[in-house]
Structures are given as C-alpha cells and as structure tokens.
Amino acid sequence: MKNILIISYIYPPYNAPAARRPYSWAKYLDKSKYKVTVLTCSNPDSSLGMDSSMNVDLPNVTLVKVKSSLKGNISKDLRDSNTIHNSNGLKTKVKGYVVKVGSYFLIPDKAIFWYSNVKKYLSANAGLLENMDVVITTSPAMTNHLIGMYVKQNFPKIKLIGDLRDYHYIGGHQLHSPWPLSLLHKKFENKILNKADKITFISNAMRDIYAKHYQKDAEKFSVIYNGFDADDFNVETEVITRSSEKIRIFYAGSFYGGIRSPKGLLQLLDWAIEEGLMSLDDVEVVIAGNFEKSLQDEMASFKSYAVVDYIGKIPRNEVLKQYQQSTILWLIVGEKLSHYTGVPLKFYEYLAANKYIINFAPNASEPSALIDTYNLGSNFDINNDSKKVQIEKWKAILTEWKKSQLEVSSQEDVLTIFNRKNQTKKLESILESLD
C-alpha cells in the first residue's frame, strides 16, 4: 500500500468549496491501495461556518489537526469592524486593519499563521513522514504548497503532487496585486511548479494558461475536475419537464458583489415580454444565498424583477430540494479570468440534479464548453451575443417547455464522468504514474 498525506488548511466540517476537494479524495481513494492521512487546521478562518451534514470520520482515513496561531475569525472581524462601537470593537478594528494591510502587501493567505505550527508538529512527529510515499497539497491556500515543499526538502524521496484549484501569480496576483505580494506569489508559484512531481488543475482552460507560461513543466500537468458527490443526490431521479404552469428558474449561491451579474437574465426576460413571447405569469425566479442590497436596487429597474423571489440562505438539503422542484437551473460565470476558466461547484450540482441549465457566461468559458459538449442546456454571452440571438435561444427554450420537452440529454456517462468518485480515479492514475 502507498502512504498518502493530503495537506489542506480547510477541511470539513468547515463549509467552504475548498474543503470538498481534499475531502472527496480522502473519501474515494481506494483503501486497498492507499493508506490515507489528512493534515488540516483545527481552527481555520472560515467565513462560511460549519456544514453539519459532512461526516468527517471517514473509514480508513487518519485525520490530523493542528491549530493555527491566528485566533478568531479575521474574515468576520473585517466585516464587523465597521459596525462595532465598543472597546472590543476598537480591538477588532485594529486587528482587522493590521491583517488587512499585511494581506495586501506581504501575507500570501490566512493559512500562513498555521505554517509554523505545522512545521513544529511535523518535526516533533517525524514518524508521520518517514514512511510516507506521496504528499498532496491543494490550494487555494498557497501555504499548503509551502508546507509540501518543506516536506519535500526534508524528505526528498517523498513524491509531491501540487493541486492548483485557484490562480496564484499567473492570472491572479500577476494582474492586480501590489508588487511586494505579487513577487512573493511569483516566487512561491515557481517553486511549487518546479519542485512538484505532478501538478493538477480543476479545468482544461486553467491548465492551458499555466502550460503557456510554464512550458518546461507542462508535461507534469493534468486535469481533475471537481464534480458532484453522488451520496448527496438521487441521480436516478427523472427529469421534471413541466411540473407547473410556470417556468421555475432557480439560482443558488453568491453573486460575488456583481461579478456574477443577475441582470443578464432579467434583461432577457424583459425582451421576451416585449416581443410577446411570454408574460410575467409564465415565469418565477427563485434565488437562494447571498443577495447584496446594491444588486437588488439595480435589478428593481427591470419589469421581470416582479417575479423574483429571494428566499435567503437555506440549509444545503433544502437547496438540493429546490433543484428538483425547478424547471431550469440558472448559472452565472463572471468575466474575470479566474471565474470563466474555472467551473463553479454549483455547476456539478446542477448537472447531478439532471435539469436544464441556462448559463450566462463568456463564450470562451469552461462551463459553456461543457454545456455545449454534453448538451446540458443553453449558453448566453450577454456581451457578445446580439439581442436577436439571445431572444432566439430563449424562444427555443419556451417552445420546448410548452411541449413539455425541456430536458437535458444527461446521459449516464455524463453523470459517471463528473462523479467525484470517478474523478478521484484520475488522481489514482497520477499516483500510479509516480512509480
């Protein structure tokens, strides 16, 4: 058996997208071939709280937790510092200011406050690494990779896999960071790409961008999509084509302050109403998650805003029910490189729900390519598609809905491909190639 160590600052039950990828690998790696240990932080700074539905006690997985020296939730402190007016509030403001300034110039990520404690732990527990075969480090936290390189430096025989699920220097700090932090990320990124035995990415588009900039390392690059966990879904549920007299469009998650703009859909619905293709009585739009007041104000200028029902943050199991109760699932991909070359986790959940997807994204986006390849719905590029093109696409959707034939050709192989269990097999192939 190979001994595998997965290093991830964030891990369930903490509720963050970054936690699910290492968790799924720990869960689905073949335990007859791999002895899995996960090294994580016992008190990470997580702004999304806990997910009590996650079972952290996976069979045949050893979980090692090390505390961060950063006490408290800085993400929450930064949000609250403008509203607290007592003595504790002043302390919070000072702490938030120090961390904010440091993060802007010199601190690569919040996990850096975990780094020294992990080094102390590994030094005091050298037996953990003496028989280790492979270490897997997964971002977004660059600190995870720094720990991996520390292990590699002290135990050169251990193979290192660096998993980049977010941009660091290329496509990230290269574009918009102050030069001290930008140079720091450039240095760290170069190290992990050069020192790792294998590098994995979350999409083909992201891999291609890195391959262009790091040509001599490109032969080490592979893609492992995130996917969905079948345990969260009844993937055999039949598609509900027309469960009511209205088209019910559902969106889950954040709009990232408008980076994912909801206005494209409302504009499309207004156009369709003006063209006489439909009325407000034909549609309802349900939104669950974070919905900023400024966005609500902008959306209020559209006629179709009258059919928007904002239900706020709801438990995950309720979100899954909403998928099944909807006619169409609404995806938005931001115009930023880091958004359109990746794949939102909700895309895989939408896919698993086996419902028609309408996607507002740049035509060059990875989700648009996947939707076209597997015939999962329709893509709308509001910046490049003309009004006529968009209306024709929506007209085709309405036609299929009225015939009760609005469904996806979600073949069994699509559900197989993007199942996290099967995506983990790609990781196993990479592990075997290290022999």
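What share of the 435 residues in the protein chain is buried? I looked this up first and found 52%. The model I am reading is a predicted one.

**Entry: overall make-up**

I went through the secondary structure of the protein chain and noted 18 helices and 13 strands. I then turned to the contacts with a separation of 6 or more, and 75% of them join residues 24 or more positions apart.

**Entry: cores**

I looked up the largest nonpolar core, which has 64 residues. Among the residues with the most contacts inside this core are Ile249, Val285, Tyr323 and Trp330. I followed Trp330 further, leaving out residues up to four places away in sequence. Its partners include Phe250, Tyr251, Pro262, Leu265, Tyr350 and Phe360. Trp330 also touches Ile249, Val285 and Ile358, and these three are themselves listed with the most contacts inside the core. A second, separate core has 42 residues, including Tyr14, Val118, Tyr150 and Ile199.

**Entry: second largest pocket**

I checked the second largest pocket and wrote down a volume of about 250 Å³. Which helices each supply at least two residues of its lining? They are H4 (112–124), H6 (142–154) and H8 (179–195). The largest share, five residues, comes from H6. The lining includes Ile112, Leu146, Met149, Phe188 and Lys191. Tyr150 belongs to this lining and also to the second core. By type, I have the lining down as six nonpolar, one polar and three charged residues.

**Entry: Gly148**

Staying with helix H6, I looked up Gly148, which is found there. Gly148 counts as buried because its relative accessible area is 2%, under the 20% cut-off. Beyond its neighbours within four places in sequence, Gly148 is in contact with Ile7, Val135, Thr137 and Leu160. I also noted Lys159, eleven residues from Gly148 in sequence, with 9.7 Å from C-alpha to C-alpha.

**Entry: Thr40**

I found Thr40 in strand E2 (residues 34–41). Is Thr40 buried or exposed? Thr40 has 1% relative accessibility and so counts as buried. Its side chain reaches the backbone oxygen of Tyr9 at 3.2 Å. Setting aside neighbours within four places in sequence, I listed the contacts of Thr40, among them Ser8, Ile10, Tyr11, Leu63, Val66 and Trp114.

**Entry: the loop with Asn354 and Lys355**

Next I read the loop between helix H14 (345–353) and strand E12 (356–360), where Lys355 is placed. Lys355 is buried, since its relative accessibility is 1%. What does the side chain of Lys355 reach? I found the backbone oxygen of Tyr323, at 3.0 Å. Tyr323 is listed with the most contacts inside the largest core. Asn354 sits in the loop between H14 and E12 as well. Asn354 is buried too, with a relative accessible area of 9%.

**Entry: backbone oddities**

I kept one general point in mind here: most residues other than glycine have a negative phi, and most peptide bonds are trans. Asn354 has a positive phi of about 65° although it is not a glycine. For Asn60 I also wrote down a positive phi of about 65°. Asn60 lies in the loop between E2 and strand E3 (61–66). At 59% relative accessibility Asn60 counts as exposed, whereas Asn354 is buried. Last, I looked up the peptide bond that joins Pro12 and Pro13, which is cis with omega about 15°. Pro13 lies in the loop between strand E1 (2–7) and helix H1 (17–28).

Definitions and conventions: Residues are numbered from 1 along each chain as its sequence is written. This is a predicted model: local features need pLDDT of at least 70, side-chain atom pairs count only at pLDDT 80 or more; totals for chains, interfaces and linings use all residues. Side-chain values use heavy atoms; hydrogens and water are left out. A nonpolar core is a set of buried Ala, Val, Leu, Ile, Met, Phe, Trp, Tyr and Cys residues joined through side-chain atoms within 4.5 Å. Buried means under 20% relative accessible area, exposed over 50%, partly exposed in between (1.4 Å probe, protein chains only). Contact means heavy atoms within 4.5 Å. Helices (H or I, at least four residues) and strands (E, at least two) are DSSP runs, numbered from the N terminus. A polar contact is a pair of N or O atoms within 3.5 Å; within protein, one must be able to donate a hydrogen and the other to accept it, and residues adjacent in sequence count only if both atoms are side-chain atoms. On a 1 Å grid over the protein atoms alone, a cavity is a set of points where a 1.4 Å probe fits but cannot get out, and a pocket is an open set with protein on both sides within 12 Å along at least five of seven lines; lining residues have an atom within 4 Å of a point. Grid points are joined across faces, edges and corners, and a volume is the space filled by probe spheres set on the points. Ala, Val, Leu, Ile, Met, Phe, Trp, Tyr, Cys and Pro count as nonpolar, Asp, Glu, Lys and Arg as charged, and the others, Gly among them, as polar.
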